[in-house]
Amino acid sequence: MSRGRSDGSQKKRVVAYACGVAIFIGFLYVYQGSIFGSQNVSSSALEYGSKSLKRLGVSYLGTDDASDSKQEDSSPRIGLGDGEDDIVPKSFPVCDDSHSELIPCLDRHLIYQLRLKLDLSLMEHYERHCPPPERRFNCLIPPPAGYKIPIKWPQSRDEVWKANIPHTHLAHEKSDQNWMIVKGEKIVFPGGGTHFHKGADKYIASIANMLNFSQNILNNEGRLRTVLDVGCGVASFGAYLLSSDIIAMSLAPNDVHQNQIQFALERGIPAYLGVLGTKRLPYPSRSFELAHCSRCRIDWLQRDGILLLELDRLLRPGGYFAYSSPEAYAQDEEDRRIWREMSALVGRMCWRIAAKRDQTVIWQKPLTNECYMEREPGTRPPLCQSDDDPDAIWGVNMEACITPYSDHDNKAGGSGLAPWPMRLTTPPPRLADFGYSNEKFEKDTELWQGRVENYWNLVGPKMSPKMVRNVMDMKANMGSFAAALRGKDVWVMNVVPRDGPNTLKLIYDRGLIGSIHDWCEAYSTYPRTYDLLHAWSVFSDIDKRGCSPVDLLIEMDRLLRPTGFIFIRDKQAVIDFVKKYLTALHWEEVATADAGSDSDQDANEVILVVQKKLWLTSESFRNTE
């Protein structure tokens with residue numbers, strides 16, 4: 001038969017088949033786009049989806065059924081126009097209920113499915129492993145059954161809704177340590193911890209007393225501002241530091257206590273999912289005045305002390321490491337052995353004991369290189385090579401070496417930072433690393449002060465003061481957006497994209513906190529953990545790199561709490577692109593405005609403010625009745 005001919009019966013079969021496919025697609029479109037009207041439950045939640053619709057979402061999840069499928073990245077790009085190829089869905093499928101706490105790059109199921117060969121003894125299974133493009137989630141994460149709008153700060157420090165994080169195993173496991181208590185519909189946090197049963201506030205005062213700080217206040221008159229709390233539990237240590245004008249990066253992995261960071265963020269406390277494993281933590285060198293470990297169950301002696309050396313990298317000159325653990329006081333032979341070896345290790349690192357009392361020892365890092373230069377040749381750990389960049393952190397392996405100070409810092413004999421809060425607006429010494437002038441810094445601070453005031457004027461009464469606690473600046477530059485929020489009762493996770501200038505050390509030098517990240521991947525946090533996202537030219541940046549802006553929209557929806565806000569500041573083409581997806585994402589446009597002419601950068605920028613609606617799946621909706 002020649003290729004150009006067909007008989008009548010074939011034509012009829014083709015027509016019938018095409019009609020059948022068209023009817024099926026039409027049915028699917030109508031079914032997928034249906035939303036059961038507004039219901040008066042939990043701030044007028046929308047009921048969204050059904051079991052069969054959620055199963056549709058699962059086909060995008062990279063499950064075993066789809067393990068052999070390969071998908072080309074055909075997601076729309078910004079500025080392609082409104083042609084036939086630019087198809088915008090009326091709605092996105094909803095992920096299965098079992099994915100309500102999904103963290104795509106910290107997903108154990110993905111590790112099993114991809115059969116990754118990881119060294120469990122090195123905690124590699126708790127490090128980031130992101131799904132390949134064909135396994136990325138293309139569905140919206142549903143809230144858990146009975147989800148409620150989170151309790152507002154400062155009340156949230158002490159209690160959260162049990163339905164929002166329906167995990168009570170820590171309350172039972174840590175019942176004798178006052179971590180958390182289940183009381184009816186709420187989970188209550190008395191402020192206890194493994195080594196501070198009587199409360200974090202008393203424990204913090206005791207550390208300040210050990211260091212002879214004035215009035216037993218740990219901030220030491222503003223000189224101690226940033227803290228890294230390793231193995232933080234539910235972050236009560238960090239929670240009670242806030243009243244002393246100290247901000248802690250509370251760090252823990254998604255391990256057997258897998259919801260501890262989720263509890264911390266639900267409480268409104270700064271926290272990050274991470275682990276001391278094989279990669280450097282996503283923070284620059286000399287970022288913290290104090291590192292803290294209270295019964296954090298870390299083997300500090302492994303691999304030539306590489307984990308302690310990572311803390312050394314992160315501590316500022318003269319910074320402290322407060323260590324509360326049996327090794328510091330117990331008398332059994334194993335604990336005494338660990339104590340002897342750990343003392344010898346930190347001695348070779350030139351740390352000295354600043355104070356030791358009861359269960360706690362506090363070591364201090366040297367201010368200069370003098371001790372390093374006086375060590376015997378061949379002493380281990382060695383000094384790092386001169387070409388090692390201590391601020392190269394994204395996906396970089398830890399090194400079992402000591403990072404010496406530069407000639408400038410060695411001569412300075414300290415960080416040279418102003419006390420808090422002056423530090424927030426004082427040009428930091430490390431500006432010179434980027435060739436930035438003090439004038440550039442001061443202009444940037446002033447510029448963002450005006451921009452933030454404009455944002456709040458745009459939102460108006462739509463966003464009441466207590467609606468926002470956890471804020472993320474997705475492209476923080478020098479941290480001036482966060483600095484402009486100083487007068488508001490919020491904290492900001494300042495994210496510096498990995499492909500731009502590594503200005504995160506400037507942010508820490510201002511007394512703020514943040515992390516490095518690649519916005520072509522999912523962020524290391526639980527769903528529904530931020531009240532406000534600020535995206536300044538983030539979409540334009542990832543689009544230039546060929547990454548999917550739709551993936552980023554879905555990721556932002558995952559990060560954002562229901563009723564939370566997003567400020568997008570970008571080119572007009574980006575704003576037009578995002579607006580096409582508002583219905584599919586169940587976001588509501590609050591305001592759109594030209595950026596104005598407050599700087600040359602603003603010439604082509606437009607501001608879009610959106611709010612995420614609260615929607616529930618059929619199952620969640622039934623459980624609220």
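Q: In this predicted model, what share of contacts between residues at least 6 apart in sequence join residues at least 24 apart?
A: The model is a prediction. Its chain has 625 residues, of which 56% count as buried. Among contacts in the chain between residues at least 6 apart in sequence, the share joining residues at least 24 apart is 71%.

Q: How many helices and strands does the chain have?
A: The accessible surface of the chain comes to about 27100 Å², and carbon and sulfur atoms hold 50% of that surface. The secondary structure of the chain comes to 19 helices and 20 strands.

Q: What is the mean pLDDT of the chain, and where does pLDDT stay under 50?
A: The mean pLDDT of the chain is 86, and 82% of its residues reach 70 or more. Where pLDDT is low, the predicted coordinates should not be read in detail. One stretch under 50 is residues 80-84, with three contacts beyond four places in sequence. Another, with 32 such contacts in the model, is residues 23-44.

Q: Which residues have the most contacts inside the largest nonpolar core?
A: In soluble globular proteins, nonpolar side chains tend to be buried together. The largest nonpolar core here has 145 residues. Those with the most contacts inside this core are Leu218, Trp300 and Phe321.

Q: Which residues does a second, separate core of eight residues include?
A: This core is separate from the one that holds 145 residues. Among its eight residues are Met180, Ile187, Val234 and Phe263.

Q: In which order do the three strands β3, β4 and β5 form an open sheet?
A: The edge strands are β3 (159-161) and β4 (181-183), each pairing on one side only. Neighbouring strands of this sheet are turned by 30° against each other on average, direction ignored. The pairing is antiparallel, and the order is β3-β5-β4.

Q: Which residue in β5 stands opposite valine 160?
A: Strand β5 covers residues 186-188, and β3 pairs with β5 in the antiparallel sense over three bridges. Opposite valine 160 in β5 stands isoleucine 187.

Q: How many residues of strand β12 are buried?
A: In a regular strand the side chains alternate between the two faces of the sheet. From β12, Thr360, Ile362 and Gln364 point one way and Val361 and Trp363 the other, and all are buried. For strand β12 (residues 360-364), the number of buried residues is therefore five of five, each being under 20% relative accessible area.

Q: Which residue of β12 is the bridge partner of lysine 356?
A: Strand β11 (residues 352-357) pairs with β12 in the antiparallel sense over five bridges. The two form a hairpin with two residues between them, and aspartate 358 in the turn has a positive phi of about 50°. In β12, the bridge partner of lysine 356 is valine 361.

Q: Which residue of β12 is the bridge partner of serine 324?
A: Strand β10 (residues 315-324) also pairs with β12, in the antiparallel sense over five bridges. In β12, the bridge partner of serine 324 is threonine 360.

Q: Why is strand β14 described as largely enclosed by the rest of the structure?
A: From β14, Trp491, Met493, Val495 and Pro497 point one way, while Val492, Asn494 and Val496 point the other way, and all are buried. Strand β14 (residues 491-497) is largely enclosed because its buried residues number seven of seven.

Q: Which residue in β15 stands opposite methionine 493?
A: Strand β13 (residues 470-473) is joined to β14 by four bridges and runs parallel to it. Strand β15 (residues 513-517) pairs with β14 in the parallel sense over five bridges. Opposite methionine 493 in β15 stands isoleucine 513.

Q: Is leucine 431 buried or exposed?
A: Leucine 431 lies in the loop between α11 (407-412) and α12 (438-459). Not counting residues up to four places away in sequence, leucine 431 touches Tyr436, Ser437, Asn438, Phe441, Met478 and Leu506. Its relative accessible area is 2%, so leucine 431 is buried.

Q: How far apart in space are valine 275 and glutamate 124, C-alpha to C-alpha?
A: Valine 275 is in the loop between β8 (271-273) and β9 (288-294). Valine 275 is buried, with a relative accessible area of 12%. In sequence, valine 275 and glutamate 124 are 151 residues apart, and in space their C-alpha separation is 8.8 Å.

Technical notes. Residues numbered from 1 in each chain as written. Predicted model: local features only at pLDDT ≥ 70, side-chain atom pairs only at ≥ 80, totals over all residues. Heavy atoms only, no water. Buried < 20%, exposed > 50% of the residue type's maximum accessible area, 1.4 Å probe, protein only. Contact = heavy atoms within 4.5 Å. Areas by Shrake-Rupley, 256 points an atom, 1.4 Å probe, with all protein chains shown as cover. Pairing = 2+ DSSP bridges. Axes fitted to C-alpha atoms, helices over the stretch in contact; angles between N-to-C directions. pLDDT = per-residue confidence, 0-100. Core = buried A, V, L, I, M, F, W, Y, C linked by side-chain atoms within 4.5 Å.
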